[in-house]
Each structure stands twice: as structure tokens, then as C-alpha cells.
Amino acid sequence: QVQLVESGGGLVQAGGSLRLSCAASGRALSTYAVGWFRQASGKERAFVAAISGRATSTSYADAVKGRFTISSDNAKNTVYLQINSLEPEDTAVYYCAATLVPLRPYYTPRTTAEYNSWGQGTQVTVSS
């Protein structure tokens, strides 16, 4: 089982940027699809972005296309989420998740049910 730890959240003004990190241990992320989700207060956890194993494919929620970029560094066993042009509506706890997919190099799951390893989350707060 892979262990995930998120970092990089914080308080930022609208229009600013953040880079979130999802550091993995225990297994190599190159055989995992990794996704980012976010959960605002009182709302369900929602898909943000996903990257397939070996970074062959990416997928984004419509609400973040053009502002968020997911990437991976297999040497550091870390997946990143670059967030630009932050809006107050982006305020949420951001979680990364992983699922083992050794035979599906282009798979980018978009639902929470498709992931079986989760980090503890990192808070992003955007002030207007």
C-alpha cells in the first residue's frame, strides 16, 4: 500500500498561485494513477485532476481547466498540482489519492470510489 502526504496549502489572495505536493512512500508512483480532489466545507469531495501512471495522460474537472496543472516527478515519487489564478471558490481541503494500475497506462480515474489510498489533506484558503 502506498502512503501519501500532501503539502503546500495555505492562505493566499485571489489571483495568487500555489503548488501542492503529494509525496508518496512505500511504492513507486509510476504504476499508480494519482488524483487530486477537494472538499469545501459542507460539500462533497469533488474531482479536480488526475494523472496516469508514467504521466502518459491527464484529466481535469471543467471548473479548473486552464488554471490547474497536474504533473509528476517519478524520481521524487511526487505528484504536484499547480494552481494559478486562485478564486475564493477554490477554498477547500485538497486531497491526493492513488490507485494501482500497472496495466492501464492511460487511466485517469475521476471518482473517489476508484481510489484506495488517500492522504490526510492540505487546506487551501483564498481570500477575496
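Setting aside neighbours within four places in sequence, Asp 90 is in contact (heavy atoms within 4.5 Å) with Arg 38, Arg 67, Phe 68, Ser 85, Val 124 and Val 126. This is a predicted model, where local features need pLDDT of at least 70, side-chain atom pairs count only at pLDDT 80 or more, and totals for chains, interfaces and linings use all residues. Residues are numbered from 1 along each chain as its sequence is written, and side-chain values use heavy atoms, with hydrogens and water left out.

The side chains of Asp 90 and Arg 67 share a polar contact of 2.7 Å; that term covers a pair of N or O atoms within 3.5 Å where, within protein, one must be able to donate a hydrogen and the other to accept it, and residues adjacent in sequence count only if both atoms are side-chain atoms.

Here's how Asp 90 lines up with Ala 49. Buried means under 20% relative accessible area, with a 1.4 Å probe and protein chains only. Strands are DSSP runs of E, at least two residues, numbered from the N terminus.

| Residue | Place | Relative accessibility |
|---|---|---|
| Asp 90 | loop between β8 (78-83) and β9 (92-100) | 1%, buried |
| Ala 49 | strand β5 (residues 46-51) | 0%, buried |

Beyond its neighbours within four places, Ala 49 has contacts including Trp 36, Tyr 60 and Leu 81. Leu 81, in β8, also stands opposite Leu 20.

As for β8, six bridges join it to strand β3 (residues 18-25), running antiparallel. Two strands pair if DSSP finds at least two bridges between them. The open sheet has the order β1-β3-β8-β7, with antiparallel pairing; β1 (3-7) and β7 (68-73) are its edge strands.

Definitions and conventions:
Helix = DSSP H or I, 4+ residues; strand = E, 2+ residues; numbered from the N terminus. Buried < 20%, exposed > 50% of the residue type's maximum accessible area, 1.4 Å probe, protein only.
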